Each structure stands twice: as structure tokens, then as C-alpha cells.
Amino acid sequence: MFISKQTLFAAVVALSTLPFLAQAADVPAKKQTELGLYVTAVEAADMLLDPDVVLVDVRSRVEVAFVGIPKRANVNIPFKIMPGFAEFNPEKGTYAMVPNPDFARVFEEYAQENGMTRDSKVILICRSGGRSARAANVLAGMGYTNVYSLVDGVEGDKASDGPQRGQRVVNGWKNSGLEWSYKLSEMQVYPEDR
């Protein structure tokens, strides 16, 4: 039996666009979204074989500048930003970021410029899945219906035991060995910076 490349590709795309973590119980509460659409980094890479699927990196410019970006990311639109004089948060042991007041507007402009519809498949990625979930809720509120949160993010979840306990080494885009770059292409740059 002969199967054409087109038929095989269509089957792969169809299977790769199913909601993978259909049970919200599988996703920690802080990573859950209103739409309930979730993918892991490995599943996202499979979905992204379809060129119509859009990957939006919602990390801050600082994170993208120093940590890099998935090669397949279409664009960086930060959900939160680092203010010029960030306050130290002793409870979290890091500097506090603030919501990007332009996130919704910039995403909408990007979507219109790139022919996206409210039904376009969008995957959001952040460091570990929390910001992407909150950003997915904003897009859902704007009427987008196929917004997936990448639950293990760029860096993955923290190891709960062993010598790497507390380090983000469990899963995620980078730990899965997926394509990565430390140099942004012009199309990936935050649209407000072009």
C-alpha cells in the first residue's frame, strides 16, 4: 500500500493538533487556562510542523536577549516586562516584573498583519508555563479560540529531588533538545522595537 507524502503530512498534522493534555487535572492550577488547551514542548514542536501554527514567545525582552529563543518562534510579544527600576521581591528572590500594557494591542496588530483569524492555532511559550497561561486567558477574552499554553515552557519544571533539586531540568523546550537560537531574526523581534 502506497501512502503519498501529502497524505502522511496531513495525518501527522491532524494528529499533532489534538488537545494533548485534555484533562485540566493534569495541569497545575497556576498553569490552567480558560480554554483548557495545553501542549508540552515536544508536542508543540510536532504541531509546529504545520506552518500555519503560530508560536508566540511571551517572555520579556531581557529573557529573550540573554536566554535565546526557539528557532521556530514567530514573534516575541512580552506578557510582562521588566521596568527600568524593578523592585526586588524577597519572597520570590527575584526582581518583580509588571504587566505589559500593550500586550493585547500588539498581539492584535500582529495577528491582523499576518492574516490570523480568531480560529488560528496559537501556541504561547514562556519560561515555565505560568505567564503563557495568563496570556492565553487574555487572548481568549479577545475572542481567540485555539490558544494553547506550552505547559513546560522554555526552561521546564523544577526537579523535586536528587542533586539537581530546584533546578529547571525536568522538561521544557531547551531540555528536550529542540531547536534553539541565541540570535533573534528580524521577524522574531518584538514588533514595537522594529
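1. Of the 194 residues in the protein, 40% are buried. The model is a predicted one. Its secondary structure comprises five helices and eleven strands. The exposed surface comes to about 10700 Å², and carbon and sulfur atoms supply 54% of that area. Taking contacts between residues at least 6 apart in sequence, 61% join residues at least 24 apart.

2. The sheet. Five strands make up an open sheet with parallel pairing, and their order is β1-β10-β9-β2-β4. β1 (38-39) and β4 (75-76) are the edge strands, each pairing on one side only. At the β1 edge, the partner is β10 (residues 147-150), paired in the parallel sense over two bridges. Within this part of the sheet, Val39 is opposite Leu150 of β10.

3. Strand β2 and its neighbours. On one side, β2 pairs with β9 in the parallel sense, over four bridges. Leu55 has Ile123 as its bridge partner in β9. β2 also runs parallel to β4, and two bridges join these strands. Here the bridge partner of Asp57 is Asn76 in β4.

4. Side chains of β2. Val54 and Val56 point one way from the strand, while Leu55 and Asp57 point the other way. All four of these residues are buried, Asp57 included. Ahead of the strand, Pro51 sits in the loop between α2 (41-47) and β2. Pro51 has a relative accessible area of 63%, over the 50% cut-off, and is therefore exposed. The C-alpha atoms of Pro51 and Arg72 are 9.6 Å apart, and the two residues are separated by 21 residues in sequence.

5. The largest nonpolar core. This core has 21 residues, and Val56, Val58, Ile77, Phe107 and Leu124 have the most contacts inside it. At least two core residues come from each of β2 (54-57), α4 (103-113), β9 (122-125) and α5 (130-141). Helix α4 gives the most, with five residues. Leaving out residues up to four places away in sequence, Val56 touches Val75, Ile77, Phe107, Val122, Ile123, Leu124 and Ile125. Another core, of 18 residues, lies apart from the largest one; Leu37, Val39, Val154 and Trp173 are among its members. Val39, a member of that other core, is the β1 residue noted above as standing opposite Leu150.

6. Aromatic pairs. The count of aromatic pairs is three. In one of them, the ring centres of Phe79 and Phe103 are 5.2 Å apart and the planes meet at 85°, so the pair is edge-to-face. Phe79 belongs to the loop between β4 and β5 (80-81) and Phe103 to helix α4, so this pair ties together parts that are 24 residues apart in sequence. Phe79 and Phe103 are both buried.

7. A further aromatic pair joins Phe88 and Tyr95; this pair is edge-to-face too, with 5.6 Å from centre to centre and 75° between the planes. Phe88 has 48% relative accessibility and so counts as partly exposed. Tyr95 is also partly exposed, with a relative accessible area of 48%. The cut-off for exposed is over 50%, and the cut-off for buried is under 20%.

8. Helix α5. At 1.5 Å a residue, the twelve residues of α5 should span 16 Å, and the end C-alpha atoms are 17 Å apart, which agrees. Which residues of α5 are buried? They are Gly130, Arg131, Ser132, Ala133, Ala135, Ala136, Leu139 and Ala140. The buried residues of this helix pack against α3 (61-67), β5, α4, β9 and β10. Two of these elements, β9 and β10, are strands of the open sheet described in point 2. Just after α5, Gly143 takes a positive phi, about 105°.

Methods. Residues are numbered from 1 along each chain as its sequence is written. This is a predicted model: local features need pLDDT of at least 70, side-chain atom pairs count only at pLDDT 80 or more; totals for chains, interfaces and linings use all residues. Side-chain values use heavy atoms; hydrogens and water are left out. Two strands pair if DSSP finds at least two bridges between them. A nonpolar core is a set of buried Ala, Val, Leu, Ile, Met, Phe, Trp, Tyr and Cys residues joined through side-chain atoms within 4.5 Å. Buried means under 20% relative accessible area, exposed over 50%, partly exposed in between (1.4 Å probe, protein chains only). Contact means heavy atoms within 4.5 Å. Rings of Phe, Tyr and Trp (its six-membered ring) pair if their centres lie within 6.5 Å; planes under 30 degrees apart count as stacked, over 60 as edge-to-face and the rest as tilted. Accessible areas come from the Shrake-Rupley method with a 1.4 Å probe; for residues, only the protein chains shown count as cover. The expected span of a helix is 1.5 Å times one less than its number of residues.
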